[in-house]
Each structure stands twice: as structure tokens, then as C-alpha cells.
Amino acid sequence: MCLANNRDQNVLRFANFQLNLGSGRNLPPDGYIKIPEDLFLTGSTIEPLIKHIYPGISSNPHPPPTYFIHHMILAPRNEDVHVVNRNIIDVFQASAANTKVYQSADSAIIREQESDEIPVEFLNAINVSGLPVSKLTLKVGCPVMLLRNLSTKGGLCNGTQAIVAFLRE
């Protein structure tokens, strides 16, 4: 629906294709969907898609913040989002000093006391909607989007987009 307000004819055609596909309109009787040729990318990995959507992402200096407002990859499942995020953060340029890996808490509290009964590997492997990943890699200059309300009064709401300016412990 966000694409429907765009004035670019290619974007409008893509938006109509998506809307028709999503609502089940104009589907062939055999069930095979013909994807327009101009939507094809060559390659069998995620890298060609990243290079197509974010052509300047590996440049230094980084693209301006407005660049990320107009370029995005949507994925239907959390697992797919994590794969896309890992690949994008790998090609995003930053020095070791401007890169940080944040780990989640890796112990369970059962009946108000810490427990060693649940292995750390199991806790880190949990990947369900509503829980953050166990390992988050951030680089200065990379975009982030909040997935829940942190401070509505401060403007930190679900969907807020920001650029990482610095990293702390």
C-alpha cells in the first residue's frame, strides 16, 4: 500500500503486481505465477538482491540516512530477516573499533533463582517472534529499526528508524 502513492510507473506496476498476487486476483488457472522479466535477478544467493537494493552500501563514507528510507528488503519470516540482516551487516563498511557484537542474557530464571538446568546453547537457539536474537552485530553508520515501544514519550516507538552513531558496552 505504501508503494501505491509513488509516481514512478515502474514502482506502480510492481505495487499492482504485489497487490494482485496478495489478493489472489489475475492468477492463472494452472496456479503458476509469471513473474515479470524486469523483476528477475541473476544468482542463487542473497548477495545479488542486496547489491541491487543497496548499490552503495559498501561505500565509505556511508550513504546518507535518507538513503535507507527509500531502500529496503522485506521478508516474510524472522529467519529470513536474520539471514538478510547478517549478510547486509557483513558488507557494511566499518572498522573493528566501530563494530560491536551484543550478546543476550544467557541464563534462565526458574522460580526466582538462576538455573543451570537449561543449556546456554538452547537459550541462544530460541528464535520466536517477540524475542530478540541472541547475538546482535551493529556497526557505526548502519540503520536500525525498533520492533517495540521503548519510550513513547521520547519518540522511541515500534517502527522508529535510526542510524547507529556510536557504540557502548
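**Reasoning from values to labels**

Me: Why is His-82 called buried?
Reply: In this predicted model, His-82 has a relative accessible area of 18%, and since buried means under 20%, His-82 meets the condition and is therefore counted as buried.

Me: Where does His-82 lie, and what does His-82 contact beyond its neighbours within four places in sequence?
Reply: His-82 is part of helix α4, which covers residues 78–91, and, leaving aside neighbours within four places in sequence, His-82 is in contact with Asn-127 and Val-133; contact here requires heavy atoms within 4.5 Å.

Me: Which residues of α4 are buried, and against what do they pack?
Reply: The buried residues of α4 are His-82, Val-84, Asn-87, Ile-88 and Ile-89, and the elements against which the buried residues of α4 pack are α2 and β4. As background, residues three or four places apart in an α-helix point the same way, because there are 3.6 residues a turn.

Me: How do you know that the span of α4 agrees with the expected one?
Reply: With 14 residues at 1.5 Å a residue, α4 should span 20 Å, and because its end C-alpha atoms are 20 Å apart, the two values agree.

Me: What can be said in the same way of α1, and what lies at its ends?
Reply: The 15 residues of α1 reach 21 Å from the first C-alpha to the last, which is close to the 21 Å expected at 1.5 Å a residue. At the N-terminal end, α1 is capped by Asp-8, a side-chain oxygen of which lies 2.9 Å from the backbone nitrogen of Asn-10, while α1 is followed by Gly-24, whose phi is positive, near 80 degrees.

Me: What makes Asp-80 and Arg-77 a salt bridge?
Reply: Their closest N and O atoms are 3.0 Å apart, and because the rule asks for a side-chain nitrogen of Lys or Arg within 4 Å of a carboxyl oxygen of Asp or Glu, the pair qualifies as a salt bridge. Asp-80 has a relative accessible area of 24% and is partly exposed, and Arg-77, at 46%, also counts as partly exposed.

Me: How many salt bridges does this rule give, and which parts does the pair of Lys-100 and Glu-169 tie together?
Reply: The count comes to two salt bridges, one of which joins Lys-100 to Glu-169 with the closest N and O atoms 3.4 Å apart. Lys-100 lies in strand β1 (residues 99–103) and Glu-169 in the segment after β6 (161–163), so the pair ties together parts that are 69 residues apart in sequence. Glu-169 has a relative accessibility of 86%, and because exposed means over 50%, Glu-169 counts as exposed.

Me: Why is Thr-137 called partly exposed, and what does Thr-137 touch?
Reply: Its relative accessible area is 26%, and because partly exposed lies between 20% and 50%, Thr-137 falls into that class. Thr-137 lies in strand β4 (residues 135–139) and, not counting residues up to four places away in sequence, touches Ile-89, Thr-99, Lys-100 and Val-101.

Me: What makes Phe-40 eligible for the nonpolar surface patch?
Reply: Phe is among the nonpolar residues, and a patch member needs over 30% relative accessible area; Phe-40, at 49%, counts as partly exposed and belongs to a patch of about 490 Å² made together with Leu-21, Leu-27, Ile-33, Ile-35 and Leu-39. Phe-40 is placed in the loop between α1 (9–23) and α2 (47–53).

Note on methods. Residues numbered from 1 in each chain as written. Predicted model: local features only at pLDDT ≥ 70, side-chain atom pairs only at ≥ 80, totals over all residues. Heavy atoms only, no water. Patch = residues over 30% accessible without salt bridge, like charges linked within 9 Å, V, L, I, M, F, W, Y side chains within 5 Å. Areas by Shrake-Rupley, 256 points an atom, 1.4 Å probe, with all protein chains shown as cover. Helix = DSSP H or I, 4+ residues; strand = E, 2+ residues; numbered from the N terminus. Buried < 20%, exposed > 50% of the residue type's maximum accessible area, 1.4 Å probe, protein only. Expected span 1.5 Å × (residues − 1). Polar contact = N/O pair within 3.5 Å; in protein donor to acceptor, adjacent residues only side chain to side chain.
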